[in-house]
Protein chains: 2
Amino acid sequence: MIQNQPLMEKLKDITFYTMDKAIRTYRIFAQKRLRENGYKITIDQWLIIKSIMENPGISQQEIGEKVFKDNASVTRIIELLVKSEYLEREVNPDDRRKSNLNVTDEGKSIVKKVHSLVLENRKTALAGILPEELEIMNKTLKRIISNCN
Amino acid sequence: MIQNQPLMEKLKDITFYTMDKAIRTYRIFAQKRLRENGYKITIDQWLIIKSIMENPGISQQEIGEKVFKDNASVTRIIELLVKSEYLEREVNPDDRRKSNLNVTDEGKSIVKKVHSLVLENRKTALAGILPEELEIMNKTLKRIISNCN
DNA sequence: AATATTTATTTGATATATCAATTATTGATA
DNA sequence: TATCAATAATTGATATATCAAATAAATATT
């Protein structure tokens with residue numbers, strides 16, 4: 001264990017930096033590809049429309065849990081989606097604190113079109129990585145999440 | 001390989017989500033600990049002061065490369081650091097486009113104090129993770145970075 | 001039923017990210 | 001040397017993140 005100490009310390013130093021850099025590099029890459037293909041939508045916006053389509057009647061709070069964003073962010077992203085006419089909202093008559101969120105035809109259309117691009121992006125980003133490695137990374141990331149809670 | 005396909009697809013689906021969640025969970029955790037201990041500084045601000053201390057005479061562009069932030073972000077974070085009196089800036093006489101950035105005594109002091117807290121945070125966040133696992137994660141993250149460039 | 005508590009969402013304040021355009025300065029070249 | 005091109009930093013516009021406080025509605029309690 002004593003031999004592992006220096007390696008472990010170095011890794012600890014760079015791990016969070018590398019995580020941050022990887023996720024940001026991927027985001028820039030993915031967003032650029034969306035733009036290149038003429039899609040006027042961000043990845044976060046896409047994720048939120050998608051979660052509404054897949055879970056009709058979902059509340060904003062539940063959306064936030066699904067996409068790991070806080071309520072304030074969800075509110076603001078939805079505002080933009082309504083403005084872009086990808087979403088429609090009306091007051092939920094059963095609970096007037098909530099909104100009913102409906103994906104417009106245009107919203108459905110863009111989600112569908114962007115989906116294949118997202119799959120391609122993931123494939124490109126993960127090229128050459130073995131399933132075992134991906135599994136270990138996922139397990140490790142989940143451990144970090146639980147350690148920080 | 002055919003058997004691995006479904007597993008691989010699932011992992012691809014969740015990998016970026018988990019990465020994002022892990023880095024954000026850690027950030028919230030670390031920032032909360034800073035606040036609890038009364039430090040009025042963000043992690044990003046701390047990183048930038050630290051990079052100036054470790055690299056005297058560094059330019060803003062070089063800082064950006066070190067901490068993986070773009071020039072605009074560096075400019076704005078530095079503005080806040082000057083306002084908080086952790087940094088002083090003056091025009092570089094050799095190249096008037098650049099600034100000389102000096103860490104004040106207060107800046108040096110807070111970086112030092114926060115450092116041990118950051119080490120603790122990293123230790124907590126990575127508890128129970130084996131060096132091999134960390135290595136594989138780092139290697140995988142680096143592969144993602146290069147794949148997206 | 002009136003009041004208190006809880007819950008869902010919104011809003012305000014501040015920090016950061018990203019892209020594009022601009023400014024100021026320097027270095028190269030015709 | 002005057003002009004052009006490259007570089008460093010800033011600024012503006014827009015999107016998101018985070019926390020705390022406010023609002024509005026629903027539920028529970030007395």
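Which side chain of chain A does B:Arg27 meet in a salt bridge? The partner is A:Asp20, at 3.8 Å from N to O; the legends below cover this pair and its surroundings.

This is a predicted model, in which local features need pLDDT of at least 70 and side-chain atom pairs count only at pLDDT 80 or more, while totals for chains, interfaces and linings use all residues. Residues are numbered from 1 along each chain as its sequence is written, chains are lettered from A and ligands numbered from 1 in the order in which they are written, and side-chain values use heavy atoms, with hydrogens and water left out.

**View 1. The interface of chain A and chain B.** Contact (heavy atoms within 4.5 Å) joins 51 residues of chain A to 51 residues of chain B. About 5500 Å² is buried between the two chains, 71% of it from carbon and sulfur atoms; buried area is the accessible area (1.4 Å probe) that two parts lose on being put together, summed over both. A:Phe16, A:Phe68 and A:Met137 supply 12% of the area that chain A buries against chain B, more than any other three residues.

**View 2. Polar and charged pairs between chain A and chain B.** Four salt bridges are counted between the chains, a salt bridge being a side-chain nitrogen of Lys or Arg within 4 Å of a carboxyl oxygen of Asp or Glu. There are also 14 residue pairs in polar contact across the interface, both residues at pLDDT 80 or more. A polar contact is a pair of N or O atoms within 3.5 Å; within protein, one must be able to donate a hydrogen and the other to accept it, and residues adjacent in sequence count only if both atoms are side-chain atoms. Helix 1 of chain A gives 21 residues, the largest share of the side of chain A that touches chain B. Helices are DSSP runs (H or I, at least four residues), numbered from the N terminus. That side divides into 25 nonpolar, 10 polar and 16 charged residues. Ala, Val, Leu, Ile, Met, Phe, Trp, Tyr, Cys and Pro count as nonpolar, Asp, Glu, Lys and Arg as charged, and the others, Gly among them, as polar.

**View 3. The surface near DNA strand D.** Strand D is surrounded by 27 residues, near meaning that a heavy atom of the residue lies within 4 Å. Among the closest are A:Thr42 and B:Arg97. Sugar and phosphate make up 71% of the atoms of strand D that come within 4 Å of the protein. Phosphate oxygens of strand D lie 2.5 Å from a polar side-chain atom of A:Lys69 and 2.7 Å from one of B:Gln60. The surface residues are five nonpolar, eight polar and 14 charged.

**View 4. The surface near DNA strand C.** Of 27 residues around strand C, those that come nearest include A:Arg76 and B:Lys69. Sugar or phosphate accounts for 67% of the strand C atoms within 4 Å of the protein, and bases for the rest. The side chain of A:Gln61 places an N or O atom 2.5 Å from a phosphate oxygen of strand C; for A:Arg89 the distance is 2.9 Å.

**View 5. Pairs within chain A.** A:Asp44 in helix 2 and A:Arg27 in helix 1 are 17 residues apart, and the closest N and O atoms of their salt bridge are 3.4 Å apart.

Technical notes: Helices (H or I, at least four residues) and strands (E, at least two) are DSSP runs, numbered from the N terminus.
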